Amino acid sequence: MPEQRESYEEVLGRLNRRLRTLHECTSTLFQAESEQALLQSICEILVAGGEGRLVWIGYCEDDAEKTIQPVAQAGHGLDYLECVQTSWGERETGQGPAGIAVRTGKACWVDDIRTDPRCSPWRVATLARGYASCMAVPLIAYDKPRGAVDLRGTLNLYSAVCNAFDESAIKHYTCLATSMAHAVTALRGRLAEDLASGVTALRTRVERKRAEEALHQAREELAHVMRVTTLGELAASIAHEINQPLAAIGADANACLHWLAADTPDLDSVREALSAIVKDGDRAAAVITRIRTLLARSPVAHGPCDLAGVIHEVLLLVGPELRRHGTVLQPSLASDLPPVMGDRVQLQQVVLNLLLNAAEAVREVPPERRRLVVRATLEQREDGPWAVVAVEDSGVGFREEEAVRLFEAFYTTKPGGLGMGLSISRSILDSHGGRLWATANSDHGATFYFQLPGMR
């Protein structure tokens with residue numbers, strides 16, 4: 001009969017569509033790389049296969065309203081999910097299929113949204129978007145070894161026709177929801193393993209970073225101690241350098257008072273003396289500024305540095321000390337030295353350490369050998385300009401077996417020395433992209449070199 005044949009063909013067509021949809025969903029369950037991608041793909045496959053006008057998946061929130069929050073959706077009228085509230089609680093918004101499915105753990109459906117009282121909170125919005133019936137299936141899988149696997153969520157379908165969800169449809173979507181629960185659980189387990197592995201690696205990196213930061217801070221603290229210690233050793237020289245301009249200021253001031261007390265003050269001499277006072281005051285202030293800079297415990301910030309200026313400032317600081325011990329200083333600084341990128345105070349500390357070591361090396365040698373040479377030259381290389389600084393002395397030098405240990409921490413040949421000066425200097429130059437090394441001179445003493453990349 002034509003009517004019966006038409007009914008059979010309609011049922012057969014629906015079963016074929018459902019079979020294709022099931023095949024696509026199964027492939028997605030096995031191939032999904034993430035939970036979100038899996039849920040979204042299921043929604044899109046069901047809509048494309050004609051299973052519903054709107055399909056969405058929601059998870060339960062533990063907020064005050066006990067909201068069922070949509071996490072994936074596809075189909076017609078997606079704005080519906082933004083203008084209605086669905087709950088899994090006992091209030092009116094929790095009496096629809098989704099809320100009942102969550103609370104009972106069983107599928108729940110509405111054959112006719114126009115007449116079913118459970119749909120009253122959403123009736124206007126659903127009918128406006130052409131929905132006539134709907135159903136919700138809990139995302140639960142029952143597994144004998146592990147018991148129930150409950151994602152605390154629902155798969156929700158809305159159809160454009162009434163009575164769209166018969167017994168076979170309910171069984172079909174219940175099986176699909178079970179498969180989804182297993183797949184999501186597997187994905188979460190894999191994620192947990194990856195996360196555990198990632199957390200372990202992250203912890204290792206964090207601990208390593210903390211250790212590196214602690215070591216870096218310890219080096220900075222020790223470098224500061226070394227600067228303070230060095231300036232303590234130079235105290236007599238510093239006092240002498242400051243006392244000289246202060247004594248000159250006192251003498252010039254007394255002369256001014258004497259000239260001003262005369263019946264006819266010699267104003268030209270007064271002006272000259274006042275100019276000398278200003279000059280000597282600036283000189284004393286410059287010494288104090290250099291000392292304060294070296295004592296500063298400021299964060300390391302690299303910037304363009306005039307290396308010749310750095311060396312010159314250190315020479316001014318150690319000059320009086322060298323003269324006090326009868327040591328001759330011979331600087332030779334090239335005028336074409338390129339600027340270098342670095343921290344001025346740290347570079348001053350390197351030069352200061354090398355000069356004081358050299359000064360001590362010549363302190364006990366005959367007077368004619370008490371000579372230090374400081375050279376700074378430019379070297380053009382394939383990778384650009386480099387500044388090379390050498391501090392040469394004619395002192396006691398070092399033995400071959402000592403050469404390999406010169407830059408080790410706590411190794412020293414000086415009585416009472418900390419053995420950290422050269423180690424700190426090398427670490428400073430390493431952090432500046434440079435290098436520090438030493439060679440024994442052919443006759444007497446040693447030469448310490450350091451190099452830094454110049455700015456182009």
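Buried here means under 20% relative accessible area. I applied that cut-off to the chain, which is a predicted model, and found that 42% of its 456 residues count as buried.

**Entry 1. Whole chain**

I looked up the secondary structure and got twelve helices and twelve strands. I then looked up the exposed surface, which comes to about 25000 Å², with carbon and sulfur atoms supplying 54% of it. For contacts with a sequence separation of 6 or more, I noted that residues 24 or more positions apart account for 66%.

**Entry 2. Helices α9 and α10**

I took α9 (residues 307–324) and α10 as a pair; their axes come within 9 Å and cross at roughly 35°. The crossing of α9 past α10 is right-handed. On the α9 side I listed Gly309, Val310, Ile311, Glu313, Val314, Leu315, Leu317, Val318 and Leu322. These meet Arg344, Leu347, Gln348, Val351, Leu352, Leu355, Leu356 and Ala359 of α10. Sorted by class, this contact has 13 nonpolar, two polar and two charged residues. As a reminder to myself on spacing, an α-helix has 3.6 residues a turn, so residues three or four places apart point the same way.

**Entry 3. Ala359**

I picked one residue of α10 for a closer look, namely Ala359. Is Ala359 buried or exposed? Its relative accessible area is 4%, so I entered Ala359 as buried. Apart from neighbours within four places in sequence, Ala359 is in contact with Leu322 and Leu372. I also checked a C-alpha distance: Ala359 and Ser394 are separated by 9.6 Å, and they are 35 residues apart along the chain.

**Entry 4. Helices α10 and α12**

I went on to α10 (residues 344–361) with α12 (residues 421–431), whose axes come within 10 Å and cross at roughly 145°. Here α10 passes α12 in a left-handed crossing. From α10 the contact takes Gln346, Gln349, Val350, Asn353, Leu354 and Asn357. From α12 it takes Gly421, Leu422, Ile424, Ser425, Ile428, Leu429 and Ser431. I counted classes for this contact as well: six nonpolar, seven polar and no charged residues.

I then listed the buried residues of α12, which are Gly421, Leu422, Ser423, Ile424, Ser425, Ile428 and Leu429. Just after α12 I found Gly433 with a positive phi of about 75°.

**Entry 5. Helix α4 and Trp88**

For α4 (residues 97–104) I recorded Pro97, Ala98, Gly99, Ile100 and Ala101 as the buried residues. Gly105, just after α4, takes a positive phi of about 75°.

Trp88 lies in the loop between α3 (80–83) and α4. The relative accessible area of Trp88 is 17%, so I entered this residue as buried. Which residues is Trp88 in contact with, leaving aside its neighbours within four places in sequence? I got Cys60, Glu61, Asp62, Lys66, Thr67, Ile68, Gly99, Val102, Arg103 and Arg152. For one of these, Asp62, I looked up the C-alpha distance to Trp88, which is 9.7 Å at 26 residues apart along the chain.

**Entry 6. Positive phi outside glycine**

I looked for residues other than glycine with positive phi and noted Lys66, near 50°. Lys66 lies in the loop between β1 (54–60) and β2 (68–75). At 35% relative accessibility I put Lys66 down as partly exposed. Lys66 is also among the contacts of Trp88 in the previous entry.

Asn163 is another case, with a positive phi of about 55° although it is not a glycine. Asn163 sits in the loop between β5 (147–159) and α6 (167–233). Is Asn163 buried or exposed? With a relative accessible area of 55%, I entered Asn163 as exposed.

**Entry 7. Cysteines**

How many disulfides are there? With a cut-off of 2.5 Å between cysteine sulfur atoms, I counted zero disulfides. Cys134 is in no disulfide, and the nearest cysteine sulfur, that of Cys119, is 4.8 Å away. A disulfide needs the two sulfur atoms within 2.5 Å, so this pair does not count as one. At 4% relative accessibility Cys134 counts as buried. Cys83 counts as partly exposed, at 49% relative accessibility.

Methods
Residues are numbered from 1 along each chain as its sequence is written. This is a predicted model: local features need pLDDT of at least 70, side-chain atom pairs count only at pLDDT 80 or more; totals for chains, interfaces and linings use all residues. Side-chain values use heavy atoms; hydrogens and water are left out. Axes are lines fitted to C-alpha atoms, for helices over the stretch in contact, and angles run from 0 to 180 degrees between N-to-C directions. Helices (H or I, at least four residues) and strands (E, at least two) are DSSP runs, numbered from the N terminus. A crossing is left-handed if the near helix is turned anticlockwise from the far one by less than a right angle, and right-handed if clockwise. Contact means heavy atoms within 4.5 Å. Ala, Val, Leu, Ile, Met, Phe, Trp, Tyr, Cys and Pro count as nonpolar, Asp, Glu, Lys and Arg as charged, and the others, Gly among them, as polar. Buried means under 20% relative accessible area, exposed over 50%, partly exposed in between (1.4 Å probe, protein chains only). Accessible areas come from the Shrake-Rupley method with a 1.4 Å probe; for residues, only the protein chains shown count as cover.
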